Amino acid sequence: MSRGLDGRVALITGGGRGIGLSIALRLASEGCKVVVNDRDADLARRTADEARRSGGTAGDVGGSVTDPADTEAMVAAAAELFGGLDIVVNNAGLTADDWLHRMSDEKWDLVMDVCLNGTFNVCRSAARLLRKDAREIRYHRKVVNIVSINGVYGAAANVNYSAAKAGVIGVTKSLAREWAGQKINVNAIAPGYIKGTRLSGPRDHAERFGIPAEMIPQIEAQIPIGRPGLPEDVAAAVAFLSSSESDYVTGQVLEVHGGLEFIQLV
């Protein structure tokens with residue numbers, strides 16, 4: 001059964017590594033023409049190269065989601081390379097953890113700028129290609145915003161990231177209402193503990209976030225489904241929300257966490 005992804009054009013931000021890399025490869029494997037963005041242009045190019053080696057169709061564009069001129073260039077690249085834009089996956093993000101009483105303005109502003117403002121910039125730039133007259137197009141276009149369980153449940157020493165991702169959930173629900181008349185579905189995915197990302201990386205990476213390495217197995221042991229999540233698990237959810245199978249789903253937050261809704265680190 002076709003999932004309705006063949007030939008659709010997808011822009012994935014933050015596609016150079018981790019979850020973004022897996023999303024780009026998954027959508028390419030299902031027939032999308034993917035445009036991979038990353039602030040590090042070399043990483044974006046590597047992902048696009050990998051997608052092409054696997055038989056997919058892909059292009060790449062560098063640039064930061066914090067710069068409206070760059071997000072305009074990302075959308076222009078999709079139009080130039082593949083003639084349009086059907087799917088936007090807002091995956092770019094970062095963290096700058098600290099306790100609220102010690103958090104600097106710089107840490108707060110950085111995370112808000114990338115996670116929340118970046119999503120706004122990309123959606124606003126993409127609007128001119130996504131918002132077509134519903135009478136002129138027979139299929140739905142899709143926006144999938146990658147948020148976090150921290151944006152749903154909160155997390156200690158993480159107020160900037162939690163607030164930014166909660167803000168993206170608000171953007172998601174509002175745009176779902178604004179754009180429904182144009183046959184545009186807007187949804188979010190809230191990953192939990194995903195292997196290979198900020199909580200589960202190697203010892204030095206984990207300790208940079210104040211997570212003792214010995215705590216990693218303890219966190220993984222709490223996951224009810226019995227294993228850590230993988231970037232591919234998130235990519236599978238993105239593929240569903242990008243496909244024709246989700247045409248009647250909009251304004252929703254799909255939690256992908258194996259049953260572990262809240263991670264207590266302190």
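Is Ser246 buried or exposed? Select Ser246 in this predicted model. Ser246 is buried, because its relative accessible area is 0%, while the cut-off for a buried residue is under 20%.

**Stop 1: Ser246**

The residue sits in the loop that joins α9 (231-242) to β7 (253-256). Display its side chain together with the backbone of Ser243: a polar atom of the Ser246 side chain lies 3.0 Å from the backbone oxygen of Ser243. Then add the contacts of Ser246 beyond its neighbours within four places in sequence, namely Lys142, Asn185, Phe240 and Leu241.

**Stop 2: Pro191 and strand β6**

Move to strand β6, residues 184-191, where Pro191 is found. Pro191 has 6% relative accessibility and therefore counts as buried. With neighbours within four places in sequence set aside, Pro191 is in contact with Ile19, Ile146, Val147, Ser148, Ile149, Val234 and Val256. For a distance check, draw a C-alpha to C-alpha line from Pro191 to Pro68: the two are 26 Å apart in space and 123 residues apart in sequence.

**Stop 3: helix α1**

One of the contacts of Pro191 is Ile19, and Ile19 is among the buried residues of α1. Select residues 18-29 to show this helix. It has 12 residues and reaches 17 Å from its first C-alpha to its last, close to the 16 Å expected at 1.5 Å a residue. Colour its buried residues: Ile19, Gly20, Ser22, Ile23, Ala24, Leu27 and Ala28. Just after α1, inspect Gly31, whose phi is positive at about 105°.

**Stop 4: helix α2**

Next select residues 41-53, which form helix α2. Its 13 residues reach 18 Å between the first and last C-alpha, close to the 18 Å expected at 1.5 Å a residue. Show the buried residues of α2 as sticks: Leu43, Ala44, Thr47, Ala48 and Ala51. These lie on the same side of α2, because they cover an arc of only 140° around the axis. An α-helix has 3.6 residues a turn, so residues three or four places apart point the same way.

What do the buried residues of α2 pack against? Their partners are α1 (18-29), β2 (33-38) and β3 (57-62). Rotate the view to the face turned away from the buried side of α2, and the exposed residues Arg46 and Arg53 appear there.

The two ends of the helix also deserve a selection. At the N-terminal end of α2, Asp40 acts as a cap, with a side-chain oxygen 3.0 Å from the backbone nitrogen of Asp42. Just after α2, Gly55 has a positive phi of about 100°.

**Stop 5: Val61 on strand β3**

From α2, step across to strand β3 and select Val61. Val61 is buried, as its relative accessible area is 12%. Its contacts, apart from neighbours within four places in sequence, are Val35, Val36, Asn37, Asp38, Ala44, Ala73, Met74 and Ala77. Ala44 in this list is also one of the buried residues of α2. Val61 and Met74 are 13 residues apart in sequence, and their C-alpha atoms are 6.2 Å apart.

**Stop 6: the cavity**

Compute a cavity surface next. Rolling a probe the size of a water molecule over the atoms shows where empty space is left. The count is 1 cavity of 30 Å³ or more, and about 30 Å³ of space lies in the largest cavity. To frame the largest cavity, select its lining: Thr13, Val65, Asn90, Asn91, Ala92, Val114, Gly118, Thr119 and Val122. Which helix gives the largest share of this lining? Helix α4 (residues 105-130) does, with 4 residues.

**Stop 7: helix α6 and its flanking loops**

Finish at helix α6, residues 159-179. Its end C-alpha atoms are 30 Å apart, which agrees with the 30 Å that 21 residues should span at 1.5 Å a residue. The buried residues of α6 include Tyr161, Val168, Ile169, Leu175 and Trp179. To see what covers the buried residues of α6, display α4, β5 (141-146), α5 (149-153), β6 and β7, which are included in that cover.

In the loop between α5 and α6, select Ala157. Its phi is near 60°, a positive value in a residue other than glycine. In the loop between α6 and β6, select Lys183. Phi of Lys183 is likewise positive, near 60°, and Lys183 is partly exposed, with a relative accessible area of 27%.

Technical notes:
Residues numbered from 1 in each chain as written. Predicted model: local features only at pLDDT ≥ 70, side-chain atom pairs only at ≥ 80, totals over all residues. Heavy atoms only, no water. Expected span 1.5 Å × (residues − 1). Buried < 20%, exposed > 50% of the residue type's maximum accessible area, 1.4 Å probe, protein only. Arc of directions from axis to C-beta. Contact = heavy atoms within 4.5 Å. Polar contact = N/O pair within 3.5 Å; in protein donor to acceptor, adjacent residues only side chain to side chain. 1 Å grid on protein atoms, 1.4 Å probe; cavity = no way out; pocket = protein on both sides within 12 Å on 5 of 7 lines; lining within 4 Å. Points joined across faces, edges and corners; volume = space filled by probe spheres on them.
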